[in-house]
Amino acid sequence: MRYDFGSDTTAGMAPEALAALTAVNVGYAPSYGADAVTARCADLIRERVQADAEVRFVFSGTAANAVAISMLARPFEAVLAHQVAHICTDESGAPGFFGQGVGLIGLPGLSGKIDPGTLTAALSEPEVGHRQPPGALSLTQATEYGAVYTSEELRKLIEPARAAGLKVHLDGARLANAVVAGFDMDEIPRLGVDILVLGASKAGALSAEALVIFDKSLTRRIDNRLKQAGQTASKTRFLSAPILGLLESGAWEGHAAHANAAARALADGVLARTPYVLAHPVDANTVFVRMPEAHHRRLNELGWACYRFDDGSVRFVCSWATSEEAVQRLVEAMAGLD
């Protein structure tokens with residue numbers, strides 16, 4: 001089975017990330033994030049977002065999202081998110097577990113973007129003692145369907161949420177892909193985001209994400225919270241160094257640009273050479289294709305790993321390692337399906 005397009009986590013580490021990891025595997029360094037590499041990586045992230053944020057490094061996006069949400073909503077509250085957001089569909093209740101009972105309220109919207117009208121309706125719901133009121137808003141950039149919010153689209157969601165007293169979380173598992181698609185990263189704190197999860201695993205790092213906390217009032221005893229959650233790395237430099245390698249070299253954006261371009265080439269090939277249609281716009285590095293179940297099964301039988309997504313379309317994900325040859329071969333395989 002070929003996993004070129006199964007996910008952007010099926011690729012290995014990007015060379016820049018691996019080189020940085022190898023470099024810190026020499027000699028000794030302070031433990032638990034007190035090393036110079038971790039400090040440098042945190043400083044560079046602060047430079048990128050143009051804000052004096054607290055930065056911590058954790059082992060996974062699920063943990064990063066769940067810990068962030070536990071800081072923003074109380075156990076008797078809920079988080080508003082798109083109904084196919086990762087926290088709603090792929091984290092096995094982790095937000096509720098880390099949040100000691102915090103709930104999730106899924107909202108609709110095209111291509112993974114929350115519809116402003118449905119958000120307004122949710123914020124207008126009367127509070128009663130029998131259901132969890134919203135305490136936070138979670139947004140995903142780029143979305144689970146590969147769409148990229150503009151700053152103005154985010155503003156139209158964040159402003160009413162904050163006016164209603166909600167805190168804001170931004171899941172940036174594919175933030176690099178959104179940035180190279182035109183999203184201005186330093187807009188994030190100005191838009192009113194309280195906590196950002198800066199994605200690195202999908203960008204070519206090992207298993208690491210960065211929690212970027214803009215509202216410092218939330219950081220009291222943050223290290224105790226992370227320790228209890230099993231997210232305090234004794235050798236933190238092995239989490240931060242690959243991210244630093246990507247950021248310092250420009251590969252965080254460079255590899256995302258490559259992945260986005262590969263997705264665009266794949267989408268163009270599907271439209272030009274196959275009978276299938278695209279289910280969503282291709283803004284970032286994912287391509288969703290409408291195809292019959294029998295054709296999807298045949299594609300899997302031919303050795304191409306790809307998965308049917310929540311809306312019934314088949315998802316193909318490009319990564320830093322996706323080759324032009326692989327794109328061409330996949331299009332040829334799809335064109336020959338019967």
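What follows is a conversation about a predicted model of one protein chain.

Colleague: I'm new to this one, so what does the secondary structure of the protein chain come to?

Modeller: This is a predicted model, and in it the secondary structure of the protein chain comes to 14 helices and eleven strands. The radius of gyration is 20 Å, close to the 20 Å that the globule rule gives for 338 residues, so the chain is as compact as a globular protein of that length.

Colleague: And what does the C-alpha trace span along its principal axes?

Modeller: Along those axes the C-alpha trace spans about 60 × 60 × 30 Å.

Colleague: How much of the chain is buried residues?

Modeller: Buried residues make up 53% of the 338 residues. As for the outside, the accessible surface comes to about 14200 Å², and carbon and sulfur atoms account for 51% of that surface.

Colleague: What about contacts between residues far apart in sequence, at 24 or more positions?

Modeller: If you take the contacts with a separation of 6 or more, 75% of them are between residues 24 or more positions apart.

Colleague: Switching to charges, how far apart are the mean positions of the positive and negative ones?

Modeller: The chain has 30 positive and 38 negative charges, and their mean positions are 4 Å apart.

Colleague: Let's look at single residues, then. Where is aspartate 8, and is it buried or exposed?

Modeller: Aspartate 8 is found in the segment before α1, the helix that covers 15-24. Aspartate 8 counts as buried because its relative accessible area is 2%, and the cut-off for buried is under 20%.

Colleague: Which side chains does the side chain of aspartate 8 make polar contacts with?

Modeller: One such contact, at 3.4 Å, is with the side chain of serine 7, and another, at 3.0 Å, is with the side chain of asparagine 285. Leaving aside neighbours within four places in sequence, aspartate 8 is in contact with Arg174, Lys202, Asn285, Val317, Cys318 and Ser319, so asparagine 285 comes up both there and among the polar contacts.

Colleague: What about threonine 140, where is that found?

Modeller: Threonine 140 is found in strand β4, which consists of residues 134-140, and with a relative accessible area of 10% threonine 140 is buried. Setting aside the neighbours within four places in sequence, threonine 140 is in contact with Ala85, Tyr149, Leu170 and Asp171. Threonine 140 and glycine 61 are 79 residues apart in sequence, and their C-alpha atoms are 12 Å apart in space.

Colleague: Which peptide bond is cis around there?

Modeller: The peptide bond from glutamine 141 to alanine 142 is cis, with omega near -5°, and alanine 142 lies in the loop between β4 and α7, where α7 covers 151-163.

Colleague: On backbone angles, what is phi of serine 111 and of arginine 221?

Modeller: Serine 111 has a positive phi of about 55° although it is not a glycine, and phi of arginine 221, also a residue other than glycine, is near 60°. Serine 111 is in the loop between β3 and α6, while arginine 221 is in the loop between β7 and α10.

Colleague: And are those two buried or exposed?

Modeller: Serine 111 is buried, with a relative accessible area of 12%, whereas arginine 221 counts as exposed at 54% relative accessibility.

Colleague: Last one, where is glycine 93?

Modeller: Glycine 93 has its place in the loop between α4 (86-89) and α5 (94-98), and with a relative accessible area of 42% glycine 93 is partly exposed. The C-alpha atoms of glycine 93 and isoleucine 243 are separated by 27 Å, and these residues are 150 residues apart along the chain.

Note on methods
Residues numbered from 1 in each chain as written. Predicted model: local features only at pLDDT ≥ 70, side-chain atom pairs only at ≥ 80, totals over all residues. Heavy atoms only, no water. Helix = DSSP H or I, 4+ residues; strand = E, 2+ residues; numbered from the N terminus. Buried < 20%, exposed > 50% of the residue type's maximum accessible area, 1.4 Å probe, protein only. Polar contact = N/O pair within 3.5 Å; in protein donor to acceptor, adjacent residues only side chain to side chain. Contact = heavy atoms within 4.5 Å. Rg over C-alpha atoms; globule rule 2.2 N^0.38 Å. Areas by Shrake-Rupley, 256 points an atom, 1.4 Å probe, with all protein chains shown as cover. Lys, Arg positive; Asp, Glu negative; His and termini not counted. Charge placed at Lys NZ, Arg CZ, Asp CG, Glu CD.
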